[in-house]
Amino acid sequence: MHRHGRSPESEADPRAGHPHRPLLRPHEDGPQAARLAAGGQLTPDAAMSLQRTAGNAAFVAVQRMPQGGNGEGPAEEKPMDGLSRLRRANERAGKRGQTAPVYGPGQSPFGPYTVNKGRGAGPYITSNKKTQHPGSEDLGTTYNELVRALDAEHLPVVSAAARGEEPDQDIVGTMSATQRRAAAMLYGVMKESEERRFPGAGKAMRGALTKQGDPYHEAEEFDEDFPMAKEKGAQYYREVLAGKKQLSDKARKNLEDMSSSSSDGEKSS
């Protein structure tokens with residue numbers, strides 16, 4: 001599989017400060033300390049003391065620490081671990097709710113797919129080469145087969161499309177009929193199936209597909225990044241949240257690399 005690099009996404013970490021700690025008021029003796037304490041991470045006295053004894057550089061370094069200068073930063077400002085991100089994605093998806101699945105033809109930016117009634121909570125996604133993707137080759141329905149059918153630069157485009165972004169037509173234009181068929185099915189799985197098996201899973205799957213654009217990330221690693229690609233994967237996530245199992249290193253890293261926004265830019269579910 002041909003590998004192409006991708007630019008890592010950055011996440012903002014604004015410092016809102018503590019409402020119960022008044023901001024240091026500027027006065028004659030320490031206007032710089034007042035400006036430095038504007039984030040509210042330190043009490044006024046501590047801010048003034050640190051600025052006087054260690055200088056502005058040390059103060060700024062403390063301000064940039066994940067939990068603030070005194071180790072009591074708000075919980076929401078701390079870097080979130082994989083378990084916390086999984087729980088938050090699950091809770092947010094649960095609050096949004098889901099519409100009943102609509103079985104039959106579905107459409108993606110890469111072509112059509114079919115939504116079938118599955119044995120469990122999520123529909124089963126298929127496609128055909130006779131009417132939906134003429135000229136395509138035989139293609140299975142497993143993650144392994146679908147991910148391997150695509151080149152590395154294709155997979156982040158599929159992920160972005162599932163978030164509601166317009167896919168890069170130059171990259172879509174490089175796809176063969178079989179690759180467009182695989183992309184359409186992966187899109188359908190993210191939009192129609194996995195969120196119903198485990199609310200919040202679509203976001204984790206998009207993250208795992210984006211990782212496939214990394215030149216050092218191989219197709220075989222997809223089901224390690226996204227355990228729902230394995231048998232009983234939804235049950236695994238549920239048991240992780242219940243404290244019965246722990247996240248693997250790769251699954252945890254994929255969750256930690258996900259966007260921290262509530263919708264991940266997704267326009268529709």
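**Exercise 1.** How do the residues of the lining of the largest pocket divide into nonpolar, polar and charged?

*Solution.* The model is a predicted one, and the pocket in question holds about 890 Å³ of space. Of the 32 residues that line this largest pocket, Y124, Y143, E194, R197 and M228 are the closest to its centre. Sorting the lining by residue class then gives 14 nonpolar, 8 polar and 10 charged residues. As a last step, the lining can be assigned to secondary structure: β3 (124-126), α5 (143-149), α8 (177-197), α10 (222-225) and α11 (233-241) each contribute at least two residues to it.

**Exercise 2.** Determine whether helix α6 is mostly covered or not, and identify what covers its buried residues.

*Solution.* Begin with the count, taking a residue as buried when its relative accessible area is under 20%: in α6, which spans residues 155-162, 7 of the 8 residues are buried, and the helix is therefore mostly covered by this definition. The buried residues are L155, V157, V158, S159, A160, A161 and A162. Turning to their surroundings, the cover includes α5 and α8, together with α7 (169-172) and α9 (201-211). Just after the helix, G164 adopts a positive phi of about 105 degrees.

**Exercise 3.** What percentage of the residues of the protein chain count as buried, and how many helices and strands does the chain have?

*Solution.* The protein chain has 269 residues, of which 45% count as buried, and its secondary structure comes to 12 helices and 3 strands. The chain exposes about 14,500 Å², with carbon and sulfur atoms supplying 50% of that area.

Note on methods. Residues numbered from 1 in each chain as written. Predicted model: local features only at pLDDT ≥ 70, side-chain atom pairs only at ≥ 80, totals over all residues. Heavy atoms only, no water. Helix = DSSP H or I, 4+ residues; strand = E, 2+ residues; numbered from the N terminus. Buried < 20%, exposed > 50% of the residue type's maximum accessible area, 1.4 Å probe, protein only. Areas by Shrake-Rupley, 256 points an atom, 1.4 Å probe, with all protein chains shown as cover. 1 Å grid on protein atoms, 1.4 Å probe; cavity = no way out; pocket = protein on both sides within 12 Å on 5 of 7 lines; lining within 4 Å. Points joined across faces, edges and corners; volume = space filled by probe spheres on them. Nonpolar A, V, L, I, M, F, W, Y, C, P; charged D, E, K, R; others polar. Contact = heavy atoms within 4.5 Å.
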